Amino acid sequence: MAKADQTTPDILDAVIIGAGFSGLYQLHSLRDKLGLNALVLEKGDGIGGTWYWNRYPGARCDSESHAYAYYFSEELLQNWDWSERYPGQAEILRYLNYCADQLDLKRDIRLNTKLTAARYLDEEGLWQVETEQGDPLKCRFLITAVGCLSTANIPDIPGLEDFGGRWFHTGQWPHEGVDFTGRRVGLVGTGSTGIQVVPVVAEEADHLTVFQRTANYSVPAGNHPLNREFQDYAKAHTGEIRQIMHSNTNGHAFPMEDRSAVETPPEEREAIYRDAWNKGGLQFRTSFRDILLSEEANATASNFIRDRVREIVKDPQKAEDLSNFDHPFGAKRPPIDTDYFETYNRDNVDLVNLRKTPIEAVTKTGIRTSAGEVPLDDIIFATGFDAMTGSLLSLNITGAKGLTLDQAWEEGPKNYLGLQVAGFPNLFTITGPGSPSVLTNMPVAIEQHVEWITRCIGDMIEGEKTRIEPKQDAVDRWVEKVNAAANATLFPKAHHSWYLGANIPGKPRVFMPYSGGMARYRKICTDIADHDYEGFDRS
Ligand code: NA7
């Protein structure tokens, strides 16, 4: 951090908030491709973003490792070896540090620097950024790289402050790790995170009680060590892998199968699902093109998974509670797991169905539901995040003419392409709401956004323009497009999903990510830039 500290000019070209996948690439792009003066502010004492914070037991990415990487640099791809099909947290953190070191990024990253406010100075046409540390900074462009899932959602359960044991949120996990040996552990939440935590903590703890509100689908990950042959294959085919990732809806290195679940004869369909189940991974979701488009098609996937859960879990009550799904498969983020359902066959694992017996309070010695108290030494909250908007709103951003982001987004996030908000000139939001982001393999979405922003700023410099913001009618049209794309799918049928903001009390219910597909989205963004940044005001 030293150099940035010593040489920070009075006015920076760009301040980037966050040193995860997005912030690192944005810094490299602005500094090393455009030659700009850019600085990253990072509140953690290390880089890595999501992978810096989420150190909970079992933390693993559910994109395959050979696709969960920067594809902008052949050198980075060729010189890094992933050890498993799905990369674990520690390995991804090492990877990001490797990239940052290779690209010499750390000298322009200020760690332990928490942004407290950012304000657009109308008269100067600059952003002023305030932090808990040091003097305010001024910059021409402000770029948020704060991630979509970064603000922990800790449920407001009465009595938590009086709990006599230890409690943790998975997204703020202690760096030194936590020893659960001999402990009675309660885990609240069965999203992707909880489903990863359960098997690992069950092995270590004396007893684990899982508090489940909504029964969740999960498909085996099929994780395994990668052999040299596969590693060599991936390195020899980076161009083709990139091409597949860029040409499909989800940014993964596998395409959506072009066949309909409804039109496929039942026996053949069952065999396809079984094969996908055995191979494991998110590919299960792309077995048929209509799984997320038709309730009839979706029911075939949903029934298949229900049958598997009932086959795996021996206790009929647990099996029933775990497979009593109330939403279409895939309409909430579908987890992949390692022995999740199998873990319920262990003697030391209990399941509490909160739909039948809701939590009433945390007591000094455990969690009390309507059925009585479960005594606990530790509680793990795997209760997710104030997704997509939480981290942006927490930055205290005030745009032109004193308009705050809170005010602009009172009814939910409204922006153009997920990239810019009307009234907030020169502010870019990497993987903001209204972009495909969380519906895709994140690095693909991140690279596309960073490259678009970099091109946009480069074009402004070349065209001697200093200010860009979206026109209100372009924003309105984009919001309509995001809604229409969501309504063409089954996504809105999961009424309690974080995609809709429904996991946070009082949050406006708006389907936030753009679900029209990554390839289509990329084309829209490129066309707009090619057409003189249609929909933006540039001056
Ligand atoms: P998620 O997917 O938001 O899951 C959170 C879980 O916590 C989910 O099962 C929730 O139940 C449950 N939850 C949330 N609040 C409560 C309260 N108050 N009481 C009981 N249960 C609660 O977060 P994850 O961290 O698992 O995953 C987030 C993303 O990270 C994931 O999709 C990947 O993209 C990576 P609910 O379903 O709302 O009833």
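1. Before the pocket, the class scheme: Ala, Val, Leu, Ile, Met, Phe, Trp, Tyr, Cys and Pro are taken as nonpolar, Asp, Glu, Lys and Arg as charged, and the others, Gly among them, as polar. With that split, the lining of the second largest pocket comes out as 13 nonpolar, 8 polar and 3 charged residues. Keep in mind that this is a predicted model.

2. On the pocket itself: the second largest one holds about 540 Å³ of space. It has 24 lining residues, and those closest to its centre are T249, M256, L292, S515 and G517. If you're colouring by secondary structure, look at helix α17, residues 518–530, which gives the most to this lining, with 3 residues.

3. Now the ligand. It is surrounded by 19 residues, with T190, T193, R213, T214 and K332 the closest. Sorted by class, that shell has 7 nonpolar, 9 polar and 3 charged residues.

4. A few polar contacts are worth pulling up in your viewer. T214, already listed among the closest residues, has a side-chain N or O atom 2.4 Å from an oxygen atom of the ligand. W498 also uses its side chain, placing a polar atom 3.2 Å from a ligand oxygen. With S192 the backbone is involved: one of its polar backbone atoms is 3.0 Å from an oxygen atom of the ligand.

5. How much of the ligand's exposed area does the protein bury? On its own the ligand exposes 780 Å², and 86% of that is buried by the protein.

Conventions:
Residues are numbered from 1 along each chain as its sequence is written. This is a predicted model: local features need pLDDT of at least 70, side-chain atom pairs count only at pLDDT 80 or more; totals for chains, interfaces and linings use all residues. Side-chain values use heavy atoms; hydrogens and water are left out. On a 1 Å grid over the protein atoms alone, a cavity is a set of points where a 1.4 Å probe fits but cannot get out, and a pocket is an open set with protein on both sides within 12 Å along at least five of seven lines; lining residues have an atom within 4 Å of a point. Grid points are joined across faces, edges and corners, and a volume is the space filled by probe spheres set on the points. Helices (H or I, at least four residues) and strands (E, at least two) are DSSP runs, numbered from the N terminus. A residue is near a molecule or strand if one of its heavy atoms lies within 4 Å of it. A polar contact is a pair of N or O atoms within 3.5 Å; within protein, one must be able to donate a hydrogen and the other to accept it, and residues adjacent in sequence count only if both atoms are side-chain atoms. Accessible areas come from the Shrake-Rupley method with a 1.4 Å probe; for residues, only the protein chains shown count as cover.
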